[in-house]
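Visitor: I would like to know how the labels attached to a model are justified. Could you walk me through the reasoning?

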Amino acid sequence: MALLTRFVDVTLRGSIRPVARRFSVGLLVVAVLLETAWTSSTFALTAYASSYHSLIAPFVALLGSWLLFVVLAPLLAGLYVPMCHDRSDLRRTVEAAGAGVRKHYRSLFANAAVVLGLAIAAAIFAMSLLIVADTAMAYWAHVSSDPRPPPALGLFRPLVSAATVGFVLALILCQFADVAVVQEGIEPRWAWRESLRFTQRNPLTAVGVTVLSVSLLWIPSTVAAQFPRFGTAAVLAQPGLGTFVVPMLVTVVVGAICLGLLALLRLTVYQQTKAPRAGPSRLPSLPWRGIAVGSIVLLATVGGAVAVRSMDVGVEGDSLESLPEAPDAAYDVAAENTARSSHRAITTFRNEGDSPSNWTRLRLTTVDYDDREHRMALYENGSKFVDSHFSETLLATWEPDTDVPRRGLQPLTHRVGNWSVTVGAGYGVVHERPYRLPIAGLNWSVHHVNDSTISYRVEDRERLTTMFDDLYRHPGGRNLSRDSYAVARVDRERGTVETVRSHYEWSDTGAVHEYVTQYHGIDSKDLERPAALGPRRGLEHVWDVLYY
């Protein structure tokens, strides 16, 4: 409670009231000019980034925002300088702002570049720590517990989160650097150290300023969000009164007020704490030798983690779970064991009036669970018309007589002959939704039991329709008759599904189809990358590291 009371006293009473007293019309005018420059540049960047594919646009926007930060952040001198002089006269305030920008722009530009570099370095450091920690935990899971494949995107999302945390934390620690440059005349390359020392000596004040700064930055973003189409490429191409002018005015005015208060807050807090003047000569030298040794150790550790991930060290097939004694509970375990084993599944069908030997192939699926490879071929009238290959690093689809890339992830998709190849953790995508495996949880009833096999049967039409949509996706009808059924046979010794035989009668079309899916070579399939795709290249090596 005492800590909270001190926090409120330092932050609210010690900062907000003086800030409110120092705010003036002249400062508001200067803030409006600065906010107009920032808002216009931001929306121009948004329009430019939106011209790229949705996968590329965020990276373009990120790089653009870094550039805007370095170019526009020095303009805050136009607020810092007038705050230290007479602000009663509008003309003098504007003149002081212009003089401040001319005097301090170069030094604040250098300071912004240094701070941005430190923030990027912090993001890289955070990602490096995450890679090392995740590799250690994943390796331990692979060799000691239940080694399931990672999520579809692997380590991509956690890396983005770690980078964001490191980046933002560095910006928070360096938030007083520009004030130190203007107020104390510290060299830009060392201002971040003064800000860090200031934060270390006044932690409660720094936390309070951070909370208030986040609030002041959040308000204009919330206001802009009330105009959903504002800032989009379409609106910027044809601006209107209600779609652009009014939202622009509202956003700029609110943002200018918040920007002015933010600059006043940081300057007032810095001045009130009476930070000592400290140029580069007064700052202790950095332990360069320790930094060099630490960097070498970190690089070596990360390099080792990357090697472990790329070579899939410790990744082996799962040990299959034994079937429970009760036959009615064994199917779900057998279906899970089959999904987690290397195998080949062949699906065939025939019409009821066809010869008993006239079975037509529909699908051939091969799963190499140990090497995380999955291949599926679709057939029509006995001829293959689609062949898909999924691995840790790509999703590839072969189609005959076509040279048009499949729609979707176009920036990451390229053609190799008749193959359309998309870089990404394809196996992770397909593993989260196993293809062509009888769905567990359909309440199969025990049909027949002997020493070697257990047969299950399901006759519920709703469940049969669900199974049909997932397994076969073959033209049939809409309404199943009561005579439809499916029978699955489980190998009791191996604990896996052996065959699934389905009989579908469609009451609306009169069609009668029989389907059989046979599972072969459990734990014995070694699937190779299609030769036409060639060796891994480019971003595939990155995904190989992310997916471990």
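Guide: Happily; what follows is a set of questions about a predicted model, with each label set against its cut-off.

Visitor: Why is Asp 387 called buried?

Guide: Buried means under 20% relative accessible area. Asp 387 has 2% relative accessibility, so it counts as buried.

Visitor: And what makes Lys 384 partly exposed?

Guide: Partly exposed covers what lies between under 20% and over 50%. Lys 384 is at 35% relative accessibility, so that label applies.

Visitor: How do you know that Asp 387 and Lys 384 form a salt bridge?

Guide: The cut-off is a Lys or Arg side-chain nitrogen within 4 Å of a carboxyl oxygen of Asp or Glu. Here the N to O distance is 3.4 Å, so the pair qualifies. In general, side chains of opposite charge can pair when their charged atoms come close.

Visitor: What makes Arg 457 and Glu 459 a salt bridge?

Guide: Their side chains meet at 2.6 Å, N to O, and the limit is 4 Å, so they count as well. Arg 457 has a relative accessible area of 21%, which makes it partly exposed; Glu 459, with 44%, is partly exposed too.

Visitor: Why do Glu 498 and Arg 489 count as a salt bridge?

Guide: Their closest N and O atoms are 2.7 Å apart, and this is within 4 Å, so the definition is met. Glu 498 is partly exposed at 23% relative accessibility, and Arg 489 is partly exposed with a relative accessible area of 34%. Elsewhere, Arg 372, Glu 392, Arg 536 and Asp 544 are joined into one network by salt bridges that share partners.

Visitor: How many salt bridges does a search of the whole structure find?

Guide: The search finds 14.

Visitor: Why is strand S9 called largely enclosed?

Guide: S9 spans residues 453-458, and 5 of its 6 residues are buried, so the rest of the structure largely encloses this strand.

Visitor: How do you know that S9 pairs with strands S8 and S10?

Guide: Pairing requires at least two bridges. S8 (residues 445-449) and S9 share 4 bridges in the antiparallel sense, while S9 and S10 (residues 485-491) share 6, also antiparallel; both pairs therefore meet the requirement. Bridge partners include Val 446 with Tyr 456, and Thr 453 with Asp 491. S8 and S9 also form a hairpin, with 3 residues between them.

Visitor: What makes S6 and S8 edge strands?

Guide: The open sheet has 12 strands with antiparallel pairing, in the order S6-S7-S5-S4-S3-S2-S1-S12-S11-S10-S9-S8. S6 (413-416) and S8 each pair on one side only. From one strand to the next, the twist averages 15°.

Visitor: Which strands does helix H13 lie across?

Guide: H13 (residues 330-339) lies across S1, S9, S10, S11 and S12, at about 110° to S11.

Visitor: Which residues touch the most other members of the largest nonpolar core?

Guide: That core has 36 residues, and Leu 79, Tyr 80, Met 83, Phe 176, Val 269 and Tyr 270 touch the most other members. Several helices each supply at least two of its residues, including H2 (25-49) and H5 (90-144), and H11 gives the most, with 8 residues. Leaving aside neighbours within four places in sequence, Leu 79 is in contact with residues including Leu 27, Leu 34 and Ala 263. Another core, of 26 residues, lies apart from this one and has Leu 323 and Leu 480 among its members.

Note on methods
Residues numbered from 1 in each chain as written. Predicted model: local features only at pLDDT ≥ 70, side-chain atom pairs only at ≥ 80, totals over all residues. Heavy atoms only, no water. Buried < 20%, exposed > 50% of the residue type's maximum accessible area, 1.4 Å probe, protein only. Axes fitted to C-alpha atoms, helices over the stretch in contact; angles between N-to-C directions. Contact = heavy atoms within 4.5 Å. Core = buried A, V, L, I, M, F, W, Y, C linked by side-chain atoms within 4.5 Å.
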